[in-house]
Amino acid sequence: MADTKHSSNSNTAGLPWQRLSPAAIAFFIVGSVAGLIKGVLEAVAWGAAAYTFIDSRLVSLSTIIPIILLVLIARPVLQYLTFRFRFTENAFQVKSGIVSRKRLTLSFDRIQSTNIIEPFYFRPFRLVNLMLESAGSSDEEVVLPGITAAQAKAIKQQILLGRQKEGSQAPAQENARKNLKDYRDQAIDSALTHDEDTQVLVHRPIPELIKYGISNNRALAALGVISAAFWQLDDSIIFSGARNIFETIIGVLPDSVFILSIFGFLLSLLGLLIFGLLSSLGAIIRHYNYTLYTGSDRFTRAEGLIEKKESHVARTKIQSLRLSQPAVAMLLKRFHGTIKQVKHSRNSNQKSDANIIIPSLTGELAEQVSSDILSASGLPDLPLNSIHADYRWKTMAVEFGVPSLVAAVVLNLIFGSIGLVALTIPFLALPAIELRRRRFGYQMTDDHMVIRHGFIGTDLTLFDLHKIQSVRIIQSPGHRRSKLATIRFNLAGTRTYLPFIPLEMAEHIRETCLHAAETNVKSWM
Amino acid sequence: MTEEIAFTNELKTTRSLPDTANLEFEKLPISHWHSQLAVWSVVFLAIIGINLGVNILSGNIDEWPTNILGVPVLEFGLVATAIVYALGAVVMRASHEKKGFCLRDHDIHYQTGLLWQVTKSLPYTRVQHVELETGPIERLFGLTSLKFFSAGGSGADITIPGLKEAMAQKTRDFVMAKAKDLTPQLADKKD
């Protein structure tokens, strides 16, 4: 059955269909193996079923092994044989599929980013994979595996040229078709020219990647999961384990709980150290030789130790910049940047690579990155307005007061008057609520919005006002009494909000954002 | 450097407002409330009917007290039922009164919510597509819901429920025309 997909109307006349290099089979084999591992549970289930219903294990193995081989070898070969690609005047077309044939037409203007990836198995052959990501969904994601770096650059440049032609109302069809015929040479030349035009914006050496490894939010989240798992263990197991280790290392069995506690503390520190080392190692493998280049119309990021990756993002596709400073990063005086692109949350398969991470930035570098991306200097250092003090009382009453009242009633019925201690929870939480309130901050300039959230660390979101998709103003009864409001911003790549700001200010921000979206001639996409 | 086009953003209602920040919303047709009342009536009757049916079939109704607060149980039940039903209807009417939309030269706004009042604003230049959706109850009352989508989320940015079909189509056409007109206007300026 044919499955045809068009991302836009495009002139279908173009160069003849091309086949990939046979080396691409390696890519498809890796894909098949990954798919097999992913479906390992299913495989185990089928295997168990085969063992149950077939008496002879020899027979079942002789059935299963050819199927696995078929999946691992025949399928990639068929994928290679059925894969074709070509350029038309304004789009990139792909035909693929073994049973169900798929034909994808990806117009140049919908291509959000182009990534050149050099997997370890292609490195000896100097081959790469070229990944084209659309702004729409992962269904419109194309990977051209096993092509040379020069070919990848040529195709990338062809797409850029095509996009520029579309943006400036494409020239006569004849000229365009002539250009297409010798696109490779032209593209290689202009790609080199373009590369000369770019300059390094950020380069992160290994010490900085180590700092990123121990201070990013993912590391903290992983640490949280590990700690939670650790405390799920029975206390006696931990206690006896510590005693055994102590006895093995020191040679005596301690009687004192104090000594055991000290030992446990040191053991925890050792665990943290190991965790820090592993996290840093992960950061080095992923972001090795991290370099972010800036050009007139796009950014290029190159990184990776085992799998080298080069991603290109058009400036116009960038929706916002986030500068995060988790607690540990605060101590190290570092920011972790994220460039956010268009993201469609309807598509759960969307790759997280749609966002570009910039690890471990100093304050000065964060300012440089922000200036370059948002074309405005000083945004991260702007003095910010606070939200209204009512936030603390509302949060205390609604988020802590009501649950603690319910808890107090239940606990009082079960344990007696001691259960009323739960009523103190909102007061105990007040310092944390106040800290969170103080983390909220906002500032609007003529063209930009800066919003800060956070608790122990901070998250600074910066965006061009004209990137706004829609705005909401929300007022609870309490808000109305105090003439306050919460404002929510919908951007194509992210959502953010500001609670408890004066209604008049919220309306002013809304009007300014709408005005920018309605009059600014810069493209939001 | 940001270039700007001559900008006006007048309200597209018969009422003119001195301050564009003070949006004035057109209310939804009263038949929207009627449709909600119909849904409420069906749900309410279903709850009462199921409750009575279960009690009658199980014989529990024989154990009911003859009087509640000194009032015979039948009268008490009828009055209590009428109060709950009326309360629901009043809340729905009040909620209906708070709903409204506002079309300006460059953007559309929709207000909703009785306690938590929300005003949603969407520039025409950000409208990706528009949907008309009619459910079975709405169809009975000749109503339809109008949904506006941008690239900013997984669902509709604005959903205006309970519009008369002709009104919904007219509004859709107006917004689509505006979206089409205004985007090239910006593109021309860019070139």
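A: Let's start with a term: a helix is a DSSP run of H or I with at least four residues, and helices are numbered from the N terminus. With that in hand, the model, which is a predicted one, places A:Asn216 in the loop between helix H7 (206-215) and helix H8 (217-232) of chain A.

Q: Is A:Asn216 buried or exposed there?

A: Buried means under 20% relative accessible area. A:Asn216 has 8%, so this loop residue counts as buried. A polar atom of its side chain lies 2.8 Å from the backbone oxygen of A:Tyr212. Setting aside residues up to four places away in sequence, A:Asn216 touches A:Pro326 and A:His336.

Q: Which strand holds A:Gln93, and what is its relative accessible area?

A: Look in strand E4 (residues 91-96) of chain A. A:Gln93 is buried, with a relative accessible area of 0%. For a feel of distances, take A:Leu78: it sits 15 residues from A:Gln93 in sequence, and the two are 19 Å apart in space, C-alpha to C-alpha.

Q: Let's zoom out. How many helices and strands does chain A have?

A: Chain A has 16 helices and 21 strands. Of its 525 residues, 45% are buried. The chain exposes about 26400 Å², with carbon and sulfur atoms supplying 63% of that. And if you take contacts between residues at least 6 apart in sequence, 59% join residues at least 24 apart.

Q: Which residues touch the most other members of the largest nonpolar core?

A: The general idea first: in soluble globular proteins, nonpolar side chains tend to be buried together. Here the largest core has 28 residues, and A:Met449, A:Ile487, A:Phe489, A:Leu498, A:Ile501 and A:Ile509 touch the most other members. Several elements of chain A each supply at least two core residues, including helix H13 (390-415), strand E17 (448-454), strand E20 (484-491), strand E21 (495-502) and helix H16 (503-519).

Q: What is A:Ile487 in contact with, leaving aside neighbours within four places in sequence?

A: Its partners include A:Val471, A:Ile473, A:Leu498, A:Ile501, A:Ala506 and A:Ile509.

Q: Why is H16(A) described as largely enclosed by the rest of the structure?

A: Just count: 12 of its 17 residues are buried, so that description fits. Among the buried ones are A:Ala506 and A:Ile509, along with A:Glu507, A:Arg510 and A:Thr519. As for its length, H16(A) reaches 24 Å from first C-alpha to last, close to the 24 Å expected at 1.5 Å a residue.

Notes
Residues are numbered from 1 along each chain as its sequence is written. Chains are lettered from A and ligands numbered from 1 in the order in which they are written. This is a predicted model: local features need pLDDT of at least 70, side-chain atom pairs count only at pLDDT 80 or more; totals for chains, interfaces and linings use all residues. Side-chain values use heavy atoms; hydrogens and water are left out. A nonpolar core is a set of buried Ala, Val, Leu, Ile, Met, Phe, Trp, Tyr and Cys residues joined through side-chain atoms within 4.5 Å. Buried means under 20% relative accessible area, exposed over 50%, partly exposed in between (1.4 Å probe, protein chains only). Contact means heavy atoms within 4.5 Å. The expected span of a helix is 1.5 Å times one less than its number of residues. Accessible areas come from the Shrake-Rupley method with a 1.4 Å probe; for residues, only the protein chains shown count as cover. A polar contact is a pair of N or O atoms within 3.5 Å; within protein, one must be able to donate a hydrogen and the other to accept it, and residues adjacent in sequence count only if both atoms are side-chain atoms.
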